[in-house]
Amino acid sequence: MNAHHSVSRRALLTGGLATGFLLAFHLPLRAAVNEPVQPKDVTDGKFAPNAFIRIDETGRTVLMMPQVEMGQGVYTSISMIIAEELDADWAKVEVLHAPPDDKLYANPAFGLQATGGSTSIRAWWKPLRAAGATARAMLVQAAAAQWGVDPASCTASKGEVIHAASGRKLGYGALALAAQGQTPPKDVPVKDPKDFVLIGQPLKRLDTPDKVNGKAVYGIDAILPGMKIAAIANCPVFGGKVGKVDDSAAVKIAGVRKVVVLDDAVAVIGDHMWAAKKGLEALKIEWNEGANAGISTRDIWQNLRDASAKDGVVAKSTGDIAKALASGDKFEAAYELPFLAHASMEPINATVRVTKDSCEIWTGTQIMTRVQSEAAKAAGVPLDKVIVNQHLLGGGFGRKLEPDMVVAAVKIARQVDYPVKVIWTREEDIQHDVYRPVYRDQISASLVDGKVSGWKYKVAGSAVLARWLPPAFQKGIDIDAVDAAVDAPYDFANFHVEYVRAEPPAVPTGFWRGVGPNNNVFAVECAMDELARKAGKDPVEFRKSMLTKNPRALAVLDLVAEKSGWGQPLPPRVGRGVCVQPSFASFLATVVEAEIDELGEITLRRITSVVDTGIAVNPDTVKAQIEGGLIFGLTAALYGEITIEKGRVQQSNFHDYRMMRINETPKIEVIVVKSGEAPGGIGEAGVNAGPPALRNAILAATGVTLRRLPVDRKLLAVGKKA
């Protein structure tokens, strides 16, 4: 049977079972002809003035991407920044994953090569503009030298250097080799924003065509000659180990090649995923569950509430908070957010080939250099013998800021002499995640003359940075955990923020899209709505009265009120809720309009968001990220919760860890404010906006005060009280 025989979509639909068998038979044969070609950074014969730009004699311009693409459009936006200052021909721009190299590609915000925290544009804005401008200046110098003219008399545009006085021009390709010999000038001025040609334009994303036509290669798509597939079962209890394994039934299954037993997991390697999965199901595993086998969600919440009753480390304090809270109309509240999984559409995976002296990896990761170093340790080879081939990520959301999936794959691949692709099932993915921490935020406030006169805020939760980036955890304060709390936008004369580190027993915690502002924007904006009610004021007007010193926040709030129809009459049990936030150096105001029926079910009717992210490199990307972030955050608000019983995660797949569906998604209008400020982060801002705006809409519609997520519909049903 011909390995290249193709099956049409019509044949697949009409051929039934026979066609299904045909496809199952062909998959292993295709493996030999589909090895992914990972392009390398070759500088020979090219103009390579820095780590980010490569131009060959044809004018082909390859831009090295220091950040990874996981759906946020960063490859296009970063390319636009470099190409703008380079004056490149956008039609000739191509992108290439940068190799793992902290010296060349470390994120300025972190000091290591990592993508996260909505830092890609705001951290790289200045360095990439400087890189592009310097390269352009070198090309101009090369042309001027060839013509014997002053470089100041030359200009550049669309991949050409032009000498207007003589009408001469040379393309970057023709200048590439000569430019390589130029001395890079220092402190080259970057463009005035009024002269931008690319930045600010809604350009089509560079990665879209291949995602549409199927050419895009994600980590899970990597196929190597002779490769086998492994399915993995991790101990179901946090911290547990493997006891005994009976593989007698598994090894009899056709296609099963090997059973690999690790310290805390067991993997079955097969000719294909079906054999590996069926082999895994046939194993009889006795787990040594360890000390965490009795832990439950109840224990975790009790632990957090006990911790939050203690005094915290002061993160910021102004004025006399004790005096302020002793007078005025008092307010007390606590807000709680649960564990959340990442549940990326591309399940956890890594493909690895290990030899006695080398290791090569094909995956999509947010932390290339950390993956490289951890893989070197696991493989027992020098760091320079580990190659990391980066692929597109089918969602990251912070989960792929961890190297654990690659480390496990390396340990498995060490035991065989062929490449192995390790794929986690959806159940393994959800039940062995590194979860968004549980948080409890306590607020004490006082009102005087209709304004907040005293604001005391205490965050209790995990210190993710203490584990992930220890140098950033100083004096007992996790700067991520208090983000958007210490810099709340309002004019509070007496202001006090504390942090209590409270690690949940056993449960691993990490970054989740939205990071620290997740919990703080929710608590702050929910409390502001309750305080507005207490003061007898409209929630928008109440906020505006305390934003006079924050003109960017005030402007987006004014505009969202106008665009959302704030204050216009609504039917019974329909409400509008507002949220205004400074997150990731962007300013976002959002109004959610929602209807709650008599059974407590929620229908989202309309969402309006106004964002001032400074200079919007690509306005279409900004809109898309706000839309996606809103859906992501509202999904969590409506359905998201990971619960623990007997040391085990109870949720396992999308039937009990639900996603918001297309029919539940309302019209979303995003307005991008034109601004001359430096760009802010945008990939996570929308995530934080949706939950408090929805909760405040529910309060307006029903009068029910919710202080925990996800939404408890029983409390919203007619006849029930919070």
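Helices here are DSSP runs of H or I with at least four residues, strands are runs of E with at least two, and both are numbered from the N terminus. With that in hand, I can place a residue: Pro710 is found in the segment after α18. The peptide bond leading into Pro710 from Leu709 is cis, with omega near 0°. Before I go on, note that this is a predicted model.

I'll stay with α18 and take its packing against α14. Two packed helices are described by the angle between their axes and the distance between the axes. For α14, residues 517–535, and α18, residues 685–702, the axes come within 8 Å and cross at roughly 25°. Angles under 35 degrees count as roughly parallel, and therefore α14 and α18 are roughly parallel to each other. The crossing of α14 past α18 is right-handed. On the α14 side, the residues that meet α18 include Pro517, Val521, Phe522, Glu525, Cys526, Asp529 and Arg533. Their counterparts in α18 include Val687, Asn688, Pro691, Pro692, Arg695, Leu699 and Ala700.

What about α14 by itself? The 19 residues of α14 should span 27 Å at 1.5 Å a residue, and its end C-alpha atoms are 26 Å apart, which agrees. How many of the 19 residues of α14 are buried? The count is 16, so α14 is largely enclosed by the rest of the structure. Just after this helix comes Gly536, with a positive phi of about 70°.

Next is α4, which has two packing partners to discuss. Helix α2, residues 74–86, packs on α4 at an angle of about 35°, and the two axes are 6 Å apart. The contact uses, from α2, Val74, Ser77, Ile78, Ile81, Ile82, Glu85 and Leu86. From α4 it uses a list that includes Ser120, Ile121, Trp125, Leu128, Gly132, Ala135, Arg136 and Leu139. As α2 passes α4, the crossing is right-handed.

The second partner is α5. Helix α4, residues 120–147, and helix α5, residues 172–180, pack at about 90° with axes 9 Å apart. That angle makes α4 roughly perpendicular to α5. Here α4 contributes Arg136, Met138, Leu139, Ala142, Ala143 and Gln146, while α5 contributes Tyr172, Leu175, Ala178 and Ala179. Arg136 and Leu139 of α4 therefore appear in the contact with α2 and in the contact with α5.

In the loop between α3 and α4 we find Ser118. Its phi is near 50°, a positive value in a residue other than glycine. Is Ser118 buried or exposed? Its relative accessible area is 12%, and the limit for buried is under 20%, so Ser118 is buried.

Lys475 also has a positive phi, about 55°, although it is not a glycine. Lys475 sits in the loop between β20 and β21. With a relative accessible area of 77%, Lys475 is exposed.

Now two helices of twelve residues. Helix α8, residues 297–308, reaches 16 Å from first C-alpha to last, close to the 16 Å expected. Its buried residues are Thr297, Ile300, Trp301, Leu304, Ala307 and Ser308. Seen down the axis of α8, these fall within an arc of 125°, so they line one face of the helix. The general background is that an α-helix has 3.6 residues a turn, so residues three or four places apart point the same way. What covers the buried residues of α8? The cover includes the strands β13, β18, β19, β22 and β26.

Helix α10, residues 368–379, likewise reaches 16 Å between its end C-alpha atoms, close to the 16 Å expected. Among its buried residues are Met368, Val371, Gln372, Ala375 and Ala379. Their cover includes helices as well as strands: α3, β14, β15, β16 and α11. Gly380, just after α10, takes a positive phi of about 70°.

Last, one serine. Ser462 lies in the loop between β19 and α13, and is buried with a relative accessible area of 1%. Leaving aside residues up to four places away in sequence, its contacts include Pro437, Val438, Tyr439, Asp478, Tyr499, Glu503, Pro504 and Thr509. Where is β19 also found? Residues of β19 are part of the cover over α8, as I said. That is all I have.

Conventions:
Residues numbered from 1 in each chain as written. Predicted model: local features only at pLDDT ≥ 70, side-chain atom pairs only at ≥ 80, totals over all residues. Heavy atoms only, no water. Buried < 20%, exposed > 50% of the residue type's maximum accessible area, 1.4 Å probe, protein only. Contact = heavy atoms within 4.5 Å. Expected span 1.5 Å × (residues − 1). Arc of directions from axis to C-beta. Axes fitted to C-alpha atoms, helices over the stretch in contact; angles between N-to-C directions. Parallel < 35°, antiparallel > 145°, perpendicular 65-115°, else oblique. Left-handed = near helix turned anticlockwise from the far one by under 90°.
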